[in-house]
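The following exercises ask the reader to work through one structure, step by step. Each task is followed by its solution.

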Amino acid sequence: MRALFVFLILILPIRHVVAFEIRGQLQPGGLVHVQLEPGSSARLNGKQLSVSRDGLLVFGFGRDASVDQVLEIREPNGSTKKQKLTLQKRNYKVQKIHGLPKNKVIPPIVQIKRISSERQLIRRARNKQTNRRDFLEGFSWPTRGRISGVFGSQRVLNGVPRSPHYGVDIAAPIGTAVRAASSGIISLAHEDMFFTGKTILVNHGFGVSTIYVHLSEITVRVGQRVEKGQLVGRVGMTGRATGPHLHWGLSWGQVKLDPQLIVSPMDN
């Protein structure tokens, strides 16, 4: 698992020094967690963050996050300190994909309601909050194959610029096993979504979730507990796909992150 360890020393009133450690990747797409003093609260760029009773803080940086971030910690004794975080700047590729059916690039009007409903299902699944800490055990690749798409790349579909790619695509034969990247609870298992086809989402706790898209088969059900490495489905090309592959995504709440930052380089 890739990890960037940053040690920050906050100097408070004389003879009162508190140290804490940020674990994760300080760059757009990165997921980080911090162990604070129990009873602390935190804000990132003025936005309130959720901190567990024992001081665990988890957050992430979206694709277009500013390189300049401000983390503000308020301790149980009322002391407040601000720490500037400087993210590593990223440059994203432009990915051109041709040959998609026209109705998958520009959906028919009759499908708009369905698409909106399915997006809400995914949104609600990502919003489910639990105090589970499965993500702390780390992540592994859900399947093996050629990396055919990367996080953050600008998608140009049939010559039309579209939304960036929020995940990593792994090309593999139909039927290849797809396994849970980390332990968690199945929050979504849908057999037929317009864009993503057979889709599952695993909740790993504290707003951290992974999504598995374009499957040919789903082998789990909503509410089921899965262990890291457990079979959850098989590679397919359902939904909007030009070939068999797994789209694997990582999120913190509604903030989409880069899955490749939480795993070691793939050994094929």
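**Exercise 1. Determine whether leucine 100 is buried or exposed, and describe its surroundings.**

Step 1. Leucine 100 counts as buried because its relative accessibility is 8%; buried means under 20% relative accessible area, exposed over 50%, and partly exposed in between, with a 1.4 Å probe and protein chains only. The model is predicted, so local features need pLDDT of at least 70 and side-chain atom pairs count only at pLDDT 80 or more, while totals for chains, interfaces and linings use all residues. Residues are numbered from 1 along each chain as its sequence is written, and side-chain values use heavy atoms, with hydrogens and water left out.

Step 2. Leucine 100 belongs to the loop between S9 and helix H1 (102-105). Helices (H or I, at least four residues) and strands (E, at least two) are DSSP runs, numbered from the N terminus.

Step 3. Residues up to four places away in sequence are not counted here; leucine 100 then touches Val105, Leu157, Asn158, Arg240 and Thr242. Contact means heavy atoms within 4.5 Å.

Step 4. Arginine 240 stands 140 residues from leucine 100 along the chain, yet the two C-alpha atoms are separated by 7.8 Å.

**Exercise 2. Identify the residues with the most contacts inside the largest nonpolar core, and the strands that supply it.**

Step 1. A nonpolar core is a set of buried Ala, Val, Leu, Ile, Met, Phe, Trp, Tyr and Cys residues joined through side-chain atoms within 4.5 Å. The largest such core has 48 residues, and those with the most contacts inside it are Leu57, Phe59, Leu71, Tyr212 and Trp248.

Step 2. Strands that each supply at least two residues of this core include S3 (31-35), S6 (56-60), S7 (68-74), S16 (197-205) and S21 (245-252).

Step 3. Phenylalanine 59 may be taken as an example: leaving aside neighbours within four places in sequence, phenylalanine 59 is in contact with Gly30, Leu31, Val32, Val34, Leu44, Leu49, Leu71 and Trp252.

Step 4. Another core, of seven residues, lies apart from the largest one and has Ile122, Leu188, Ile211 and Val213 among its members.

**Exercise 3. Describe the lining of the largest pocket, then that of the second largest.**

Step 1. On a 1 Å grid over the protein atoms alone, a pocket is an open set of points where a 1.4 Å probe fits, with protein on both sides within 12 Å along at least five of seven lines; lining residues have an atom within 4 Å of a point. The largest pocket has a volume of about 1,200 Å³, a volume being the space filled by probe spheres set on the points.

Step 2. This pocket is lined by 38 residues, and His165, Phe195, Thr196, Arg240 and His247 are the closest to its centre. H2 gives the most to this lining, with six residues.

Step 3. The lining of the largest pocket comprises 17 nonpolar, eleven polar and ten charged residues. Here Ala, Val, Leu, Ile, Met, Phe, Trp, Tyr, Cys and Pro count as nonpolar, Asp, Glu, Lys and Arg as charged, and the others, Gly among them, as polar.

Step 4. The second largest pocket has a volume of about 510 Å³. Of its 25 lining residues, Lys47, Leu49, Val58, Trp252 and Val255 lie nearest its centre.

Step 5. S5 provides the largest share of the second lining, three residues. That lining divides into nine nonpolar, 14 polar and two charged residues.

**Exercise 4. State how many salt bridges there are, and examine aspartate 54 with arginine 133.**

Step 1. Side chains of opposite charge can pair when their charged atoms come close. A salt bridge is a side-chain nitrogen of Lys or Arg within 4 Å of a carboxyl oxygen of Asp or Glu; by this rule the count comes to eleven.

Step 2. Aspartate 54 and arginine 133 form one with an N to O distance of 2.9 Å. The pair links distant parts of the chain, 79 residues apart: aspartate 54 is in the loop between S5 and S6, and arginine 133 in the loop between H2 and S10.

Step 3. Aspartate 54 counts as partly exposed because its relative accessibility is 33%. Arginine 133, at 32%, is likewise partly exposed.
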